[in-house]
Amino acid sequence: MFKNPYIRTIIASNALLNLGIWVRNFAILLYVTDLTRNDPIYVSLISVAEFAPIFLFAIIGGTFADRWRPKRTMVSCDLLSAASIFIVLLALWYGSWQVLLLSTFFSAILSQFSQPSAMKILKQHVAPEQLQGVMALFQSLMALFMVIGPVIGTFIYQHFGIFISLSITGILFLISALVLTRIPQDEQVIQVDDRPTHFTEELKEGIRYVWNNRTLRTLGGTFTIIGLAVGLIQPLMIFVAIENLGQNKEFLQWPLMANGAAMLVGGGLIMGVAKKVQPQLLLVIGLLVSTLATFGVGWSHNIVLTMALQVFSGLFYPCIHIGINTMMMKNAEAAFIGRVGGALSPLFSGMMVVGMSIGGTLKGASSLITVYTVSAGLFLLGAMLLLPLLRDKLRDKQPVQAVIVDDSD
């Protein structure tokens with residue numbers, strides 16, 4: 001895969017962006033908590049600034065990504081993200097710390113334009129049999145930064161402060177833009193339609209395209225369900241540490257790190273078998289394991305068992321990420337790849353926000369075990385939705401028996 005210059009360049013850029021985002025996010029989180037004395041409203045606004053743009057701008061960014069040249073879009077987004085960081089530094093110098101939230105929000109908006117552009121380039125320049133391996137590589141990179149990102153971000157902020165942390169982020173974004181300029185210029189394969197079309201027409205066309213494709217339509221339903229499942233339990237993991245395990249809140253870092261490390265290993269293992277396993281099967285396996293792990297974590301009061309379940313879940317979580325992205329890439333034409341991602345991503349992020357909003361209320365009205373059990377049931381329902389696709393795929397792979405006709409008479 002690394003012989004492909006498109007893969008090499010986009011992976012290098014993605015690594016730089018991930019590092020910059022983790023440094024920025026942890027610096028802002030720690031700075032805001034220090035400044036507001038752990039005010040939960042401002043801390044929650046950081047998460048809103050990160051996730052809201054996915055829901056609000058994914059379909060818009062995906063539609064524009066299909067209209068614009070992907071290389072130019074990605075370079076421009078990185079340059080604008082870097083510029084926003086340095087503008088924020090200037091505002092912060094004059095005492096306006098609230099602009100930190102705007103920086104996160106603006107950068108998250110730009111990522112809704114650059115990410116589908118990267119997928120469009122990979123769709124055009126990566127062999128279909130390599131797509132699943134490339135998605136596994138992206139998953140492994142994401143898992144790696146889930147393990148080392150918080151450590152690096154915390155270290156830089158504690159030793160150098162908010163200004164140096166944000167400066168490093170801006171520099172990393174600039175280097176990423178520079179790296180992306182090395183993408184080969186043979187983009188004439190990517191058809192750019194010069195006919196005058198309206199943005200709203202193309203947006204509606206993308207939504208119709210998803211609805212008329214059975215696989216993508218089913219994937220949308222799965223996205224909606226697992227988004228709600230993830231949202232319900234995401235804010236409640238701290239209560240697993242406090243209520244179920246009888247530990248303090250600082251203990252939370254250990255199951256999270258175990259989960260992230262297992263995701264890194266799992267992504268590497270899946271890369272080895274990516275060509276041999278259908279993405280539908282990967283996704284079903286990942287959701288079934290999440291069902292068992294979520295149910296177990298909710299009911300477990302044993303530290304060793306909970307840690308083991310976190311590792312078990314982390315090992316198979318890449319199946320979900322890789323399966324989803326591969327199914328989207330294989331079932332969407334290059335001209336629609338941005339709009340397909342833009343139509344499906346808000347289903348997940350929107351329902352995740354809904355789940356995060358009602359998870360605490362549901363826990364208060366019932367119990368932590370109830371919320372985790374409901375979440376496990378939703379993961380199982382998401383897997384069941386995919387079974388018809390999996391059955392059809394297995395039927396297609398069955399050998400066709402030849403019928404010998406005796407015409408000797």
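Mentor: A crossing is right-handed if the near helix is turned clockwise from the far one by less than a right angle, and left-handed if it is turned anticlockwise. Keep that in mind for this model, which is predicted.

Trainee: What is the handedness of the crossing of helix 5 and helix 11?

Mentor: Helix 5 covers residues 128–180 and helix 11 covers residues 303–331. Their axes come within 9 Å. By the sense of turn just defined, the crossing of helix 5 and helix 11 is right-handed.

Trainee: Are helix 5 and helix 11 parallel or oblique to each other?

Mentor: The axes cross at roughly 140°. Angles over 145 degrees count as roughly antiparallel, and 65 to 115 as roughly perpendicular. The angle falls in neither range, so helix 5 and helix 11 are classed as oblique.

Trainee: How many charged residues are in the contact of helix 5 with helix 11?

Mentor: On the helix 5 side, the residues that meet helix 11 include Pro128, Leu131, Met135 and Met142. Helix 11 contributes Tyr317, His321, Asn325 and Lys330, among others. By class, the contact has nine nonpolar and five polar residues, and the number of charged ones is one.

Trainee: At what angle do helix 1 and helix 5 pack?

Mentor: Helix 1 spans residues 5–36, and its axis is 5 Å from that of helix 5. The packing angle makes helix 1 oblique to helix 5. Their contact has 33 nonpolar, 11 polar and two charged residues. The angle is about 45°.

Trainee: Which residues touch the most other members of the largest nonpolar core?

Mentor: That core has 69 residues. Leaving out residues up to four places away in sequence, the contacts of Leu122 include Ile7, Ile10, Leu131, Met135 and Met329. The residues with the most contacts to other members are Leu122 and Val340.

Trainee: How many residues are in the second, separate core?

Mentor: Among its members are Tyr31, Ile85, Val99 and Leu100. The size of this second core is 19 residues.

Trainee: Is Thr104 buried or exposed?

Mentor: Thr104 lies in helix 4, residues 99–125. Residues that Thr104 touches, not counting those up to four places away in sequence, are Arg24, Asn25, Ile28, Ala49 and Glu50. The cut-off for burial is under 20% relative accessible area. Thr104 has 2% relative accessibility, so it counts as buried.

Trainee: How many helices does the protein chain have?

Mentor: Of the 409 residues in the chain, 50% are buried. Among contacts between residues at least 6 apart in sequence, 89% join residues at least 24 apart. The chain has zero strands, and its helices number 13.

Definitions and conventions. Residues numbered from 1 in each chain as written. Predicted model: local features only at pLDDT ≥ 70, side-chain atom pairs only at ≥ 80, totals over all residues. Heavy atoms only, no water. Axes fitted to C-alpha atoms, helices over the stretch in contact; angles between N-to-C directions. Helix = DSSP H or I, 4+ residues; strand = E, 2+ residues; numbered from the N terminus. Parallel < 35°, antiparallel > 145°, perpendicular 65-115°, else oblique. Contact = heavy atoms within 4.5 Å. Nonpolar A, V, L, I, M, F, W, Y, C, P; charged D, E, K, R; others polar. Core = buried A, V, L, I, M, F, W, Y, C linked by side-chain atoms within 4.5 Å. Buried < 20%, exposed > 50% of the residue type's maximum accessible area, 1.4 Å probe, protein only.
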